Amino acid sequence: MLILAIILLGMVAGGLAQLVLGRSWSNIDWTTAIVAGLIGSFVGGLLLSLLFGHGLDLHPTGLIGSFLGAIVVTFVWGLFRKAD
């Protein structure tokens with residue numbers, strides 16, 4: 001059940017990151033959203049949670065870090081796509 005929650009959180013974070021970066025709701029690439037969300041959640045969420053001393057517990061700082069990490073990953077992914 002926890003794995004499904006992590007995937008869902010990653011998908012939401014990745015989708016919101018695409019919206020923040022200018023993509024319309026109907027054009028969200030959900031594969032990219034899941035991958036960017038999971039990577040961003042792992043890196044950003046873990047980093048911010050550890051930075052604030054919450055460890056691996058679920059806190060708002062981890063959720064905010066997940067969202068910020070997903071934005072960074074989505075942005076960088078977009079740069080590599082444009083380079084092709």
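The chain exposes about 5,600 Å² of surface, and carbon and sulfur atoms supply 77% of that area; such accessible areas come from the Shrake-Rupley method with a 1.4 Å probe, and for residues only the protein chains shown count as cover. The structure is a predicted model, in which local features need pLDDT of at least 70 and side-chain atom pairs count only at pLDDT 80 or more, while totals for chains, interfaces and linings use all residues. Residues are numbered from 1 along each chain as its sequence is written, and side-chain values use heavy atoms, with hydrogens and water left out.

Turning to the overall fold, the chain contains three helices and zero strands, and reading along the sequence gives the pattern α-α-α. Helices (H or I, at least four residues) and strands (E, at least two) are DSSP runs, numbered from the N terminus. The C-alpha trace spans about 40 × 25 × 20 Å along its principal axes. For 84 residues a compact globule would have a radius of gyration near 12 Å, and the 13 Å of this chain agrees with that; the radius is taken over C-alpha atoms, and the globule rule is 2.2 Å times the number of residues to the power 0.38.

Of the 84 residues in the chain, 30% are buried, where buried means under 20% relative accessible area, exposed means over 50%, and partly exposed lies in between (1.4 Å probe, protein chains only). Among contacts between residues at least 6 apart in sequence, 56% join residues at least 24 apart, a contact being heavy atoms within 4.5 Å.

Two buried residues show how helices H1 and H2 are linked to other parts of the chain. Ala33, placed in helix H2, is buried with a relative accessible area of 0%, and, not counting residues up to four places away in sequence, Ala33 touches Gly10, Met11, Gly14, Gly15, Gln18 and Ile28. The C-alpha atoms of Ala33 and Ala17 are separated by 7.9 Å, although the two residues are 16 apart along the chain. Gln18 lies in helix H1 and is buried as well, with a relative accessible area of 4%; leaving aside neighbours within four places in sequence, Gln18 is in contact with Arg23, Ile28, Asp29, Thr32, Ala33 and Thr74. Leu8, also in helix H1, counts as partly exposed at 49% relative accessibility, and its C-alpha atom is separated by 9.0 Å from that of Gly37, which is 29 residues away along the chain.

Side chains of opposite charge can pair when their charged atoms come close. Here the count comes to one salt bridge, defined as a side-chain nitrogen of Lys or Arg within 4 Å of a carboxyl oxygen of Asp or Glu, and it joins the side chains of Asp29 and Arg81 (3.2 Å, N to O). Asp29 lies in the loop between helix H1 (2-20) and helix H2 (30-51), whereas Arg81 lies in helix H3, so the pair ties together parts that are 52 residues apart in sequence. Asp29 is partly exposed at 23% relative accessibility, and Arg81 is partly exposed at 43%.

On the surface, Val20, Leu21, Val72, Phe75, Val76, Leu79 and Phe80 make a nonpolar patch of about 660 Å². Helix H3 (residues 60-83) supplies the largest share of this patch, five residues. Val76, which lies in helix H3, is partly exposed at 35% relative accessibility. Patches are made of residues with over 30% relative accessible area and no salt bridge, with like charges joined within 9 Å and nonpolar side chains (Val, Leu, Ile, Met, Phe, Trp, Tyr) within 5 Å.
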